[in-house]
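This briefing goes through one protein model, topic by topic. It begins with a pair of strands and then turns to confidence, salt bridges, loops and surface.

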Amino acid sequence: MGFSLTYDTSMLDKQILQALDSTGVASPLHTPGYTVRSDDGREWQYVQNDSSDVAAVAGGPAALAQDTDGYVVTPDVSDAGSTGTGIRGAYMSVLTDQYYGWIQTKGKVVKAPCSTNVAAGNALYAGTDGRWDVATVGTHEPRAQALEADTDGYADIYLM
């Protein structure tokens, strides 16, 4: 699978890919906001986590934290506003508070935590902390689509 970088870098793709599912580091290894794109449409961003006393969940929604430069995210979806317009993507792993790591911003996410009423094809928004839920037209701004029905609290989703 090929990957492209958003600007010149001396890092190798393999090193970046190995770090995508890291649990985070205290000091940034890359420039915060740095993105990596795959040739199959997936995209990741290097961010700093601000937990706001809410634990990050692998596959759960990552919201832009208030008053940031666009690379500080939080699992506290109330920071994204009532419609979820500030949802940036999905956590790749559990990130410690104030640590740096990766979130996925576009493409297929396998086994994302979802509410139990999700069916294949449903538009999804960040309903509660750590979970994706079915969006209501005119109330929520969808950020993902369910690729399958939720049967065990998880479903494959596609981030838009």
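**Hairpins**

In this predicted model, strand S8 (residues 123-128) and strand S9 (residues 131-134) are paired antiparallel through three bridges. Strand S2 (residues 35-38) and strand S3 (residues 43-49) also run antiparallel, joined by three bridges.

- Within the S8 and S9 pairing, Thr128 has Arg131 in S9 as its bridge partner.
- Two residues lie between the strands in the hairpin of S8 and S9, where Gly130 adopts a positive phi near 85°.
- In the other hairpin, Val36 is placed opposite Trp44 in S3.
- The hairpin of S2 and S3 has four residues between the strands, and Gly41 has a positive phi near 95° there.

**Overall make-up**

- The protein chain contains one helix and 11 strands.
- Read from the N terminus, the order of elements is β-α-β-β-β-β-β-β-β-β-β-β.
- The protein chain has 160 residues, of which 44% count as buried.
- Of the contacts between residues at least 6 apart in sequence, 60% join residues at least 24 apart.
- The accessible surface of the protein chain is about 7,700 Å², with 49% of it supplied by carbon and sulfur atoms.

**Confidence**

- The protein chain has a mean pLDDT of 82, and 81% of its residues reach 70 or more.
- Confidence is lowest in strand S1 (residues 3-5), with a mean of 44, and highest in strand S10 (residues 144-146), at 96.
- Residues 1-12 have a pLDDT below 50, yet this stretch has 30 contacts in the model beyond near neighbours in sequence.
- Where pLDDT is low, predicted coordinates should not be read in detail.

**Salt bridges**

- The model has five salt bridges, and three of them are described here.
- Arg37 and Glu43 form a salt bridge in which the closest N and O atoms are 2.7 Å apart.
- Arg37 is partly exposed, because its relative accessibility is 35%, whereas Glu43 is buried, because its value is 7%.
- Asp40 forms a salt bridge with Arg42, with 3.2 Å between the closest N and O atoms.
- Asp40 has a relative accessibility of 44%, so Asp40 counts as partly exposed.
- A further salt bridge joins the side chains of Lys111 and Asp152, at 3.0 Å from N to O.
- Lys111 belongs to strand S7 (residues 100-113) and Asp152 to the loop between S10 and S11, so this pair ties together parts that are 41 residues apart in sequence.
- Both partners are partly exposed, because the relative accessibility is 41% for Lys111 and 44% for Asp152.

**The loop between S3 and S4**

- Ser51 is found in the loop between S3 and strand S4 (61-64).
- With 13% relative accessibility, Ser51 falls under the 20% limit and therefore counts as buried.
- Leaving out residues up to four places away in sequence, Ser51 touches Thr74, Pro75, Asp76 and Asp97.
- Val54 is also in the loop between S3 and S4.
- Val54 is buried as well, because its relative accessibility is 16%.
- The contacts of Val54, again without residues up to four places away in sequence, are Pro75, Asp76 and Asp129.
- Between Val54 and Asp76 the C-alpha to C-alpha distance is 5.8 Å, although the two are 22 residues apart in sequence.
- Pro75 and Asp76 are thus among the contacts of Ser51 and also among those of Val54.

**Nonpolar surface patch**

- Leu147, Tyr158 and Met160 make up a nonpolar patch on the surface, and together they have about 300 Å² of accessible area.
- Met160 is located in the segment after strand S11 (154-159).
- Is Met160 buried or exposed? Met160 is exposed, because its relative accessibility is 52%, and the cut-off for exposed is over 50%.

Methods:
Residues are numbered from 1 along each chain as its sequence is written. This is a predicted model: local features need pLDDT of at least 70, side-chain atom pairs count only at pLDDT 80 or more; totals for chains, interfaces and linings use all residues. Side-chain values use heavy atoms; hydrogens and water are left out. Patches are made of residues with over 30% relative accessible area and no salt bridge: like charges are joined within 9 Å, nonpolar side chains (Val, Leu, Ile, Met, Phe, Trp, Tyr) within 5 Å. Accessible areas come from the Shrake-Rupley method with a 1.4 Å probe; for residues, only the protein chains shown count as cover. A salt bridge is a side-chain nitrogen of Lys or Arg within 4 Å of a carboxyl oxygen of Asp or Glu. Buried means under 20% relative accessible area, exposed over 50%, partly exposed in between (1.4 Å probe, protein chains only). pLDDT is the predictor's confidence in each residue, from 0 to 100. Contact means heavy atoms within 4.5 Å. Two strands pair if DSSP finds at least two bridges between them.
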